[in-house]
Amino acid sequence: MTSACNFLRQCHTHNSLQPRNPNFHLSWRSNIQVFITFKNSNSNPFLFLDPETNEKAKCCLYLKSKPFSQFFFFTFFFVKNLLFFPFFWLCFPYNSQSLSLTAQGTQVSLLSYNVIQAVFVAGSCFVAIMLKQILSKLPRKSQKSDSSDSAGIDSGNHTSNSGNGVQCTNIGNSISSRLSVVKRVSSAVFPASIMAGVEAVEPNLSFKDVSNPQKQNLFISKLNLCAEVSDFSDPDKTTAEQDLKRQTLIELLDFVSSGSAKFNEPAIAAMCKMCAINLFRVFPPKYRSNSTSGEAEDEEPMFDPGWSNLQLVYDLLLRFISYSSLDAKVAKKYVDHSFILRLLDLFESEDPRERDCLKTILHRIYGKFMVHRPFVRKAVSNIIYRFVFETERHNGIAELLEIFGSIISGFAIPLKEEHKIFLWRALIPLHKPKSVGVYHQQLTYCVVQFVDKDPKLANSVIKGLLKYWPVTNSQKELMFISELEEILEMTSMAEFQKIMVPLFRRIAYCLNSSHYQVAERAHLLWNNEHILNLITLNRQVIFPLIVPAIERNSQHHWNQAVLNLTQNIRKMFCEMDEELVLACQHKLEEESSQLSEAAEKRKLTWERLETAAGFQPVAGNIIPPVKPAPCAVAC
């Protein structure tokens, strides 16, 4: 800048000519504004000067303070053979002009024999300032600690999971090691720059002891105080610090419940950091062996010894997510995909109380943060895939399906292909695991919601049930029949006709089941009016499949209750179409006689074979043993 001004002064020294046209004035200020005007002219801008008539005209040019546009504009001043050189040639006479330049508070006046030279010099000064401003706005290289924290965001998420879940035996060493892992994640996910402008307040103070402007800072200080891991594995090690933390959590919960909290970005960051440190942990490996659904239901649940504090943290997180004035656009930076994934990992908890809290919180997150909805659905689908096709072990499938039940009920019609794929690839295969009894009620509700949204899905759902129909598990078979009845209640006639033949073949097997509960439950399908109506309208196809099963039951079944139900169904069929029933019975008798004849023929064939074998002596069919020849060579 100094060299440019010196150059302008030299130009003024060597130029002794007086201005021939004092009407032209150019001023350039340090606030990045350029004015090129004529003193004695109208306000119309860009009136070009005719060099032949030398008429007085004026040019008014203004640039806003946008660095790149200014840089772009003044770059053209240095391209002499392009645009702006002929522009100034037409706008201003080539004789000397009066030019004043103001830069960085320094006034320089000169008489230039060529205005283009002055403009070039002014442009060089302007470019120097522009380059300085542009370079000052470029991001500087961060410190080593910040770079290491940011580099460990992804890896830190996993390490924090593995570090936070180990139960401590030595409070001093183990807690410090776990906090070191959590801090590495927190420094990246919840950067300290967010908290830089927050005034520190003594966290042990009560909200009643501080003024209203200080309550928000005290709220953040108390959140930071609770951002530490407590060990509750040994009930005898309850310390004063843990009691203080519990009391602080109660104060925070009361403060948020009263509606006095304001969740700005520092408060959101502190809340999410505190919840992440206290909640996110890795559970010990399961030691229970694989068992059937009935045995799994009889197992006693395991309760977390630190639930008293965990419950307060979960309640605080729920109030935070449900807060009416919470800005979802700001909160989504902290309640991000990593936060949701680690929240879903907590559904592996053995404590049903914790899973119930997680269910409510995840449902509120799904409703609050619309941008995360596809990710939540995908993450839950991956959990189900891993459970069905790999491990068949997960404690939170019932809670996840309960959440999805309410989500499915809110799906828009027509259903997206993504939702149908979730039904076909996730929900229907969930009928396969042995532990289906733990979550079957929630699974049935989800499937029924899909069929209610789109009745055409009934065909694929029933095919899926028939594919995974149990053969030796009677309890599971009872659940399938109950689910089948709910689906048939919502099935249209067209979809029913597509699936009725394989469906009633399976029902006929259930009618003849030796397990009396399965046979009894299959007979009770005829008490449903909608199913009975479907059977009546398609009796020409269904009666030939069911009547033989009824006849076999009436002759051979051992349970009296099943026999009574069989007689009722037979009477019902006769009232519907007696001729068709008689025709089915007659056909059954013919088939029975044919089977009897075939059995008699087989019996006669075996008798002839035995008779033919009896005429030949037994000894004649035995080859006598051959004595080995004596060895000629002595061994």
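Biologist: Where does α22 bend, and by about how many degrees?
Modeller: In this predicted model, α22 bends by about 60 degrees at M500, and a proline, P502, follows within four residues of that point.

Biologist: What does α22 span between its end C-alpha atoms, against a straight helix of 19 residues?
Modeller: Helix α22 covers residues 493-511 and spans only 23 Å between its end C-alpha atoms, whereas a straight helix of 19 residues would span 27 Å at 1.5 Å a residue.

Biologist: Which residues of α22 are buried?
Modeller: The buried residues are E495, F496, I499, M500, L503, F504, I507, A508, C510 and L511, so M500, where the bend of about 60 degrees sits, is one of them.

Biologist: And what covers those buried residues of α22?
Modeller: The cover includes five helices, namely α20 (458-467), α21 (474-488), α23 (516-523), α24 (529-537) and α25 (539-556).

Biologist: Let's take α21, then: is L484 buried or exposed?
Modeller: L484, which is found in helix α21, is buried, with a relative accessible area of 1%.

Biologist: What is L484 in contact with, leaving aside its neighbours within four places in sequence?
Modeller: With those neighbours left aside, L484 is in contact with I462, L465, W469, L503 and I507; of these, L503 and I507 are also among the buried residues of α22. The C-alpha atom of L484 is separated by 9.2 Å from that of T444, a residue 40 places away along the chain.

Biologist: Now α23: why does R521 count as buried?
Modeller: R521 has its place in helix α23, and R521 counts as buried because its relative accessibility is 18%, where the cut-off for buried is under 20%. Not counting residues up to four places away in sequence, R521 touches L478, I481, S482 and E485.

Biologist: Back to α22 for charges: what does E495 form with K498?
Modeller: E495 and K498 form a salt bridge whose closest N and O atoms are 3.4 Å apart. The two residues are three apart in helix α22, and so they are separated by about one helical turn.

Biologist: Are E495 and K498 buried or exposed?
Modeller: E495 counts as buried at 7% relative accessibility, while K498 is exposed, with a relative accessible area of 53%.

Biologist: How many salt bridges does the structure hold?
Modeller: The structure holds 14 salt bridges. One of them is formed by the side chains of E399 and R355, which meet at 3.4 Å, N to O. E399 lies in helix α17 (residues 397-409) and R355 in helix α15 (residues 352-368), so this pair ties together parts that are 44 residues apart in sequence. Both E399 and R355 are buried.

Biologist: What about K359, which residue does it form a salt bridge with?
Modeller: K359 forms a salt bridge with E402, and the closest N and O atoms are 3.2 Å apart. This pair links distant parts of the chain, with K359 in helix α15 and E402 in helix α17, 43 residues apart. K359 is buried, with a relative accessible area of 15%, whereas E402 is partly exposed at 38%.

Biologist: Switching to the nonpolar side, how many residues does the largest core have?
Modeller: The largest nonpolar core has 128 residues, and those with the most contacts inside it are F219, F263 and L427. Helix α10 (residues 265-279) contributes the largest share of this core, eleven residues.

Biologist: What does L427 touch?
Modeller: Not counting residues up to four places away in sequence, L427 touches L401, I408, F422, L443, C446, V447 and F450.

Biologist: Which residues form the aromatic cluster?
Modeller: F207, F219, F255, F263, F320 and Y323 form one aromatic cluster, and F219 and F263 also appear among the residues with the most contacts inside the core.

Biologist: And how many aromatic pairs are there?
Modeller: The structure holds 16 aromatic pairs. Among them is F280 with F339, an edge-to-face pair at 5.1 Å centre to centre and with 70 degrees between the planes. F280 is in the loop between α10 and α11 (293-298) and F339 is in helix α14 (residues 337-345), so that the pair links distant parts of the chain, 59 residues apart. F280 is buried, with a relative accessible area of 2%, and F339 counts as buried at 3% relative accessibility.

Terms used:
Residues numbered from 1 in each chain as written. Predicted model: local features only at pLDDT ≥ 70, side-chain atom pairs only at ≥ 80, totals over all residues. Heavy atoms only, no water. Expected span 1.5 Å × (residues − 1). Bend = angle between axes of the 7 residues up to and from the residue. Buried < 20%, exposed > 50% of the residue type's maximum accessible area, 1.4 Å probe, protein only. Contact = heavy atoms within 4.5 Å. Core = buried A, V, L, I, M, F, W, Y, C linked by side-chain atoms within 4.5 Å. Salt bridge = Lys/Arg side-chain N within 4 Å of Asp/Glu carboxyl O. Phe/Tyr/Trp six-rings, centres within 6.5 Å; stacked < 30°, edge-to-face > 60°.
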